[in-house]
Amino acid sequence: MASHRASRLLEPFARRLRLSNRAPPRWGPVQRRAAAGFSSPAHSAEPMFRADAPHLEGMNDEQIAAIVAPVAPMKVLAGPGSGKTRVLVGRVTHLINELGVPPSHILCITFTNKAAREMRERLVASVGEENARQITAGTFHSVASRMLRKHVHLLDGYGRGNDFVIYDEADTKSIIRKIMVDVFMEDKKKADPALAKSRISAAKSAVDACVGMDGRRMARALCDTRPSLKRDPYIRDQFPRLYDEYEANLRSSNALDFDDLLSAAVALLRTSEEARLFYRQRWRHVLVDEFQDTSLSQYELIRALAAETARVFVVGDVDQAIYSWRGAEVANIRTKFDSDFAGAGTVLLTKNYRSTATIVKAAQAVIGESRDRSPLELDAVRPGGKDVAVVATEDEIEEADFAAREAARAARSGVPLKDIAVLYRTHSQSRPLEEAFIRAGVPHVVVGDTAFYTRKEIKDLVAYLRVLFNSRDTVSLQRIINTPPRKIGPGTLEKLEAWAAGLPWVDGMPQPLGMALLDRTWSTPDQDDLLPPAADMGLAAGAYKAVSGFVSVMRELGEAVEVSDPGALTEEVVRRIGFEEYVADMENGDERVGYVKELVSIASDPSAVESLDGVDGGGAAGGGDNGATKRKSTGHAGLGEFLEGISLLMSAETRSEDEGADAVKLMTLHAAKGLEFDTVLITGCEDELIPFKRGDASSDAAEHDEEVRLFYVGLTRAKRKLFLCRAFKRQRFGRTVYADPSPFLEVIRESLVGGKPPQARRAGMGINPAEDDANTDESPRRAALGSDSLAEHLRRTTGAKAATGGSPAFRKYAAGESGGYAKANAWKRRMNSAREGGGGGVLGGRRGTREAMGEDDPEAAARRAARRASKGSSRDATRATKPRATGVAGAAGGPRAAPRRSRGKIE
DNA sequence: TCTAGAGTTATTTTT
DNA sequence: TAACTCTAGA
Ligand SMILES: Nc1ncnc2c1ncn2[C@@H]1O[C@H](COP(=O)(O)OP(=O)(O)OP(=O)(O)O)[C@@H](O)[C@H]1O
């Protein structure tokens, strides 16, 4: 039985394989143009390639060495902009065009969906549409999910069916909250599922495959990686139980969380001969981008897929490792790869083709602040000019206005909007930016914005679809059973649960309520009553009627599933449950109705799930029926694909028209990894924001280094022009917080202009103070707050030592010693703690701030004094002096409002 | 069961 | 500040 299935699944591959066995013509003689940085793998096979092959054109020797290296484990280590991704694409092209590898045998793994999409574009350009379509390119999670969708039933005792759902953060937290309240009797109010979830997640990524491990085992694993937790009584006493309850819940709901996707895929490959055989045949060549950010389970997935076949090619840069907080291990690329993949070769690339020399120099200076960096050199190929500007503004609103204006200016001078990015450390910074872009009428896209799918009306609607797809999904059922209100309150729900608990168990578990209600598991096949008699369910007549109503709607919708594509089905759901009327009645009803329509249109649009098809590569992971051109998939499978898409692809802007849209991209520094833009503006270059410092936690050296790397990643996204923006003050928690410049700014300044005073800078070294920008602004204030006053501010607040040699000061600061930036920090601490204390302290604190600021900018001090005198709230005062004639009100309904992410299709 | 008003909470970073 | 949750009262 099993082997029959296997051979059926493998059949298409066998066919392709036969086809591809014809050797490609015209292989040239072996040429070894490349030597530098190329350590030959143990294999003695010589690289074979045509020196004139188009995909090698313009490549340097090291790049070619990597691309044409013999098929054997290979890793490419190189700094930003050195062409790692380009080499990876070149390698794929080489495999297909020169070695005759069928594209469907190639698996390309990236870290984010954006990167996957970009990779796909590059592949299309290099190997053509048809070939690219057959390559599997996706994130670890999407690839793992696809594997499980096909084969999870082969995981013995795992209790999941192929119609599993993926629980997102909100879903898992709601489960945990429930456990905390029901099992641990915690106060509903106090319970903090976030911490517990992060512990569970950390434990799961600390282990190569959590499948089958119980809570105690997981607790031990967690303590092994985080020794500080060993003495934590919570981990010892509660965590194991919590974990087991959590797992039981997911299992009963036929659900997996994000970490489970990876673990289960690893377990699948380890335990199932059939699956192992299948995927090793399927993906004979595995290539991984950004390998430095792989976690243990991701690494194990690669190993399980490719360790024996040894056809693995990874690229990465330890200096760009920015995900250790979620379990990424640099050791994977540093050492483990070499020891696990025998005879692994290494190629180093050291030329930066992306950025101008000035930008590279600034970036190198910053990464130099990391203690644990790669010894790799990075030489800029492009000459440098005045490409780096430091800009200081009064607050985040001005900063945002500046960014919008600068983007518009760049666009006017010919830079495509989509080649401009505004980066920030935290999502919360995106809001004023977005408002400014709307005000300025500059088209923009907020990338990685999950807001759409976390909206209540969208979650509700998706929950309907999920229950229709998988009736065991208890979290979703609880969401929808009384939404819109249909008189099934908590009391009724409790009775229903009691009823379901009394039904015969299925698969060794009590029946989830959804299954009991919707799958008629209580009935014998020939009965066709909607539900058992009311008395059997312990319900009063009214409640019984309400429940019957719900069940009958769901039954009918369930029948619609098989004949509808996701769009039509969603529309049908909306119609049957009167969702639009329900939503319209809530506040902001019109807007919400718009979002509902948006979801329908996303569901209807086959290209909305484009990257999912891509993951499938038109190949076997999706079943035997494909290879056909893209079409709407109907039925259960189509619904599953759609649901998977919205769980896995975090952002709504996966639709092609948004992706390709000519719009400025707003995103976090993390999200920008691997991308490049002509012009980059990094906002919030302030101490404690970059590098980020959380109020409570004391940051250790490793965390600081990661902040350094993150900023480094941000800097190196810029090809031609880089703006570093900071604001003197910023609203946080509704309070005004004053901030010093990021210490990294001083590092950059010093590297580009040396320890010279600000005046010398203007004479025209690397930094362009952007004074013009300031002066052409309608607000004359910015001139006063340009980078000159910034430098002045830096010099004074960090002391003379820093002024003549910022770096020693920085080192002290980083080491936590006093004398460096500690002075400035003490100043700020005083400010903030003064504000914390009651009334009088507030005033005193503010005054102190102004004085301190006033020292370096008399004009600003005068302005503040005027504001103080005006006695308004600080916000009003700010507004009064702001060039906001076109303010929020004007922009809100403005016809030229920029295309925001989630509304694109509403018209 | 629903609502309005009070009260509290929030901000790293992502799949 | 603003967005969300909870509670009391209808
Ligand atoms: N040999 C080359 N000649 C010209 N341009 C090149 C060459 N190699 C790479 N580039 C260009 O340099 C830029 C950076 O390449 P790529 O994105 O592949 O770098 P990367 O190493 O992946 O960067 P990162 O680590 O920042 O993701 C791209 O625009 C690419 O086209």
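**Exercise 1. Which residues surround DNA strand C?**

Solution. The model is predicted, so local features need pLDDT of at least 70, side-chain atom pairs count only at pLDDT 80 or more, and totals for chains, interfaces and linings use all residues. Residues are numbered from 1 along each chain as its sequence is written, chains are lettered from A and ligands numbered from 1 in the order in which they are written, and side-chain values use heavy atoms, with hydrogens and water left out.

Step 1. Apply the criterion that a residue has a heavy atom within 4 Å of the strand. Arg-431, Phe-733 and Gly-734 surround DNA strand C.

Step 2. Examine the polar contacts, that is, pairs of N or O atoms within 3.5 Å; within protein, one must be able to donate a hydrogen and the other to accept it, and residues adjacent in sequence count only if both atoms are side-chain atoms. A phosphate oxygen of DNA strand C lies 3.4 Å from a polar side-chain atom of Arg-431.

**Exercise 2. Describe the surroundings of the ligand.**

Solution. Step 1. The ligand is surrounded by 19 residues, of which Lys-84, Thr-85, Arg-354, Glu-676 and Arg-717 are the closest.

Step 2. Backbone N or O atoms approach oxygen atoms of the ligand at 3.1 Å for Gly-83 and at 2.9 Å for Arg-86. From Arg-122, a polar side-chain atom lies 3.1 Å from a ligand oxygen atom.

Step 3. Of the 640 Å² of accessible area that the ligand has on its own, the protein covers 86% (Shrake-Rupley method, 1.4 Å probe; for residues, only the protein chains shown count as cover).

Step 4. Helix 3 (84–98) and strand 10 (351–356) are the elements that give two or more residues to the shell; helix 3 gives the most, with three residues. Helices (H or I, at least four residues) and strands (E, at least two) are DSSP runs numbered from the N terminus.

Step 5. Domain 1 (54–159 + 260–349) and domain 3 (362–450 + 656–753) each supply at least three residues of this shell, the bounds coming from an automatic or database domain assignment.

**Exercise 3. Characterise the interface between domain 1 and domain 2.**

Solution. Step 1. Chain A is divided into four parts: domain 1, domain 2 (165–253), domain 3 and domain 4 (453–613 + 632–651). The centres of domain 1 and domain 2, taken over C-alpha atoms, are separated by 30 Å.

Step 2. The contact (heavy atoms within 4.5 Å) takes 15 residues from domain 1 and 12 residues from domain 2.

Step 3. About 1100 Å² is buried between domain 1 and domain 2, with 53% of it on carbon and sulfur atoms; this is the accessible area (1.4 Å probe) that two parts lose on being put together, summed over both. Asp-260, Ser-263 and Leu-296 supply 37% of the area that domain 1 buries against domain 2, more than any other three residues.

**Exercise 4. Locate the unusual backbone geometry.**

Solution. Step 1. Most residues other than glycine have a negative phi, and most peptide bonds are trans.

Step 2. The Thr-483 to Pro-484 bond is cis, with omega near -5 degrees, and Pro-484 lies in the loop between helix 20 (474–480) and helix 21 (490–501). The Ile-690 to Pro-691 bond is cis, with omega near 0 degrees; Pro-691 is placed in the loop between strand 16 (677–682) and helix 31 (701–715).

Step 3. Asn-254 has a positive phi, near 55 degrees, in the loop between helix 10 (233–252) and strand 6 (255–256).
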